[in-house]
Every structure is written in structure tokens, then in C-alpha cells.
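Please open the model in your viewer, with the sequence panel beside it, and follow the selections below in the order given.

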Amino acid sequence: MIARFSLLTLVALFGLLYTAPVSAATIVGKLVAPSIVWVTDVAAVHPIVAEMRNTGKTFVPDLLAVPVGSTVRFPNEDPFFHSIFSASETDAFDIGFYPTGPGKEQLFEHVGVLDVRCHIHALMRANIVVVDGPFASAEASFSIVDIGAGERVVHAWNREQGMRSENVHVARPNATVVLARAL
Ligand SMILES: [Cu+2]
């Protein structure tokens with residue numbers, strides 16, 4: 001009887017907690033070139049653990065977006081050492097030498113775009129884009145979902161075009177906002 005009551009209580013609690021998402025607006029638009037796209041909405045930031053592998057003296061992937069607060073691990077699949085670093089303005093790091101194996105990891109705590117390099121292999125190059133809201137890696141068009149209503153900023157970044165931003169007013173929680181110009 002107690003077990004049954006507890007189960008019912010749990011189900012009821014779950015029902016109370018799991019109401020439909022309040023932040024459910026969508027922003028759609030077009031891109032001038034493939035880019036990382038994100039919408040600033042700190043309430044919708046969910047840190048992750050991501051990987052950027054070192055293989056054949058390259059970074060795979062060589063462009064990675066992660067939410068602020070995320071950790072990136074750099075596994076070394078080559079039979080020699082790597083020593084990667086970033087001298088970028090935000091979250092600069094230098095994790096030192098590491099051999100073949102699971103590599104090292106680094107926490108990213110600030111929004112920004114990092115250039116990632118290797119002290120040993122000058123041709124190794126990658127970018128990490130640290131974002132403060134829902135994001136996507138998109139080709140010609142994008143659709144970013146689960147945005148809260150309010151004043152938002154849509155950002156797009158790639159190596160060729162750099163950063164482009166657009167202010168957006170999301171009037172209602174369930175709105176779909178279409179950007180007038182391509183980012
Ligand atoms: Cu290297």
C-alpha cells in the first residue's frame with residue numbers, strides 16, 4: 001500500500017513538474033554561408049561534454065560549438081604528442097603536452113570564438129564557438145527552437161564572414177520569427 005501510494009505520488013509530481021515547455025518560440029532564417037548559429041537566451045543554456053579529436057595532425061571536427069559551461073576533451077589518436085592551446089581573448093588555455101590516449105579536457109566559461117592551435121604542429125587549426133543559448137550548425141538556412149519570449153540576439157559565425165548578429169523581438173512564447181535578411 002505504501003509502495004503504491006509512493007508510486008502514485010511520484011507520477012503526480014512528475015505531472016506537475018513536466019508541464020509543456022514555456023520557452024518554445026522558433027527563429028528561422030537564411031545564411032550567406034554555412035555557419036554556427038545561436039540565439040542568446042541564458043535560461044536555455046545546457047552545458048555538455050564534447051570531443052575534438054586529434055588525428056593525423058588535424059582536429060576533428062575543426063569547428064565545434066558548445067554552450068557556455070561545457071567541457072571539451074581532446075583525445076589524441078596520433079602516435080606522438082600534441083600540445084594544444086588558445087591565445088584568444090576569452091577562455092585562453094594551454095593544456096600542455098599529452099601522449100596518445102584520452103588526452104586532456106578544458107572547461108569553457110565565457111561566450112566567444114577561440115582559435116585553437118598546437119605548439120608542435122603549426123598547421124593544426126580549429127575553432128571552438130562558445131555560445132549562450134540554443135544553437136545549430138547550419139548550411140543555407142536555420143531553425144533554432146526552444147527560445148524564450150523577449151528581446152533576443154541571433155548570432156552567426158564562420159571563418160570567412162566572422163560574426164554577424166541581428167536583434168529579434170520574440171513577442172509570444174510560441175512565436176515563429178522569420179529573419180528578413182540573410183545572416
Ligand atoms: Cu599537435
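Select L123 to begin, in what is a predicted model: this residue counts as exposed because 8 C-beta neighbours fall inside 10 Å, and the cut-off for that class is 12 or fewer. L123 belongs to the loop that connects β11 (112–118) with β12. Add K57 to the selection and set a distance between the two C-alpha atoms, which should read 7.9 Å, although L123 and K57 are 66 residues apart in sequence.

From that loop, move on to strand β12 itself, residues 125–131. Strand β12 runs parallel to β6, and five bridges join the two; one pair to display is V66 with its bridge partner in β12, V130. Widening the selection to the whole sheet brings in five strands in the order β6-β12-β11-β8-β9, an open arrangement with mixed pairing. The edges of this sheet are β6 (63–67) and β9 (93–94), each of which pairs on one side only.

Next, show the side chain of I128. Leaving aside residues up to four places away in sequence, I128 touches L64, V66, V72, F108, L114 and V116. I128 is also among the residues with the most contacts inside the largest nonpolar core, a list that further holds I27, I36, V37, V129 and I147. That core has 35 residues, and its largest share, five residues, is supplied by β12. Colour the chain by domain at this point: the core lies between domain 1 (21–45 + 133–183) and domain 2 (48–131), because both give residues to it.

The next stops concern backbone geometry. Most residues other than glycine have a negative phi, and most peptide bonds are trans. Which peptide bond here is cis? Select V60 and P61: the bond from V60 to P61 is cis, with omega near -5°, and P61 sits in the loop between β5 (58–60) and β6.

Then select D91, in the loop between β8 (84–86) and β9, where phi is positive at about 55° although the residue is not a glycine. Is D91 buried, exposed or partly exposed? Its count of 17 C-beta neighbours inside 10 Å makes D91 partly exposed, since a buried residue would need 20 or more.

Compare this with D146, another non-glycine residue with a positive phi, here near 65°. D146 is located in a strand, β14 (residues 141–147), and it is partly exposed because 17 other C-beta atoms lie within 10 Å.

Finally, step back to the chain as a whole, which has one helix and 17 strands. Of its 183 residues, buried ones make up 30%. Among contacts between residues at least 6 apart in sequence, 62% join residues at least 24 apart. Colouring by pLDDT closes the tour: the mean for the chain is 90, and 87% of the residues reach 70 or more. Select residues 10–16 last, where pLDDT stays under 50 and the model has zero contacts beyond four places in sequence.

Key:
Residues numbered from 1 in each chain as written. Predicted model: local features only at pLDDT ≥ 70, side-chain atom pairs only at ≥ 80, totals over all residues. Pairing = 2+ DSSP bridges. Helix = DSSP H or I, 4+ residues; strand = E, 2+ residues; numbered from the N terminus. Core = buried A, V, L, I, M, F, W, Y, C linked by C-beta atoms within 7 Å. Domains from an automatic or database assignment. Contact = placed C-beta atoms within 7 Å. pLDDT = per-residue confidence, 0-100.
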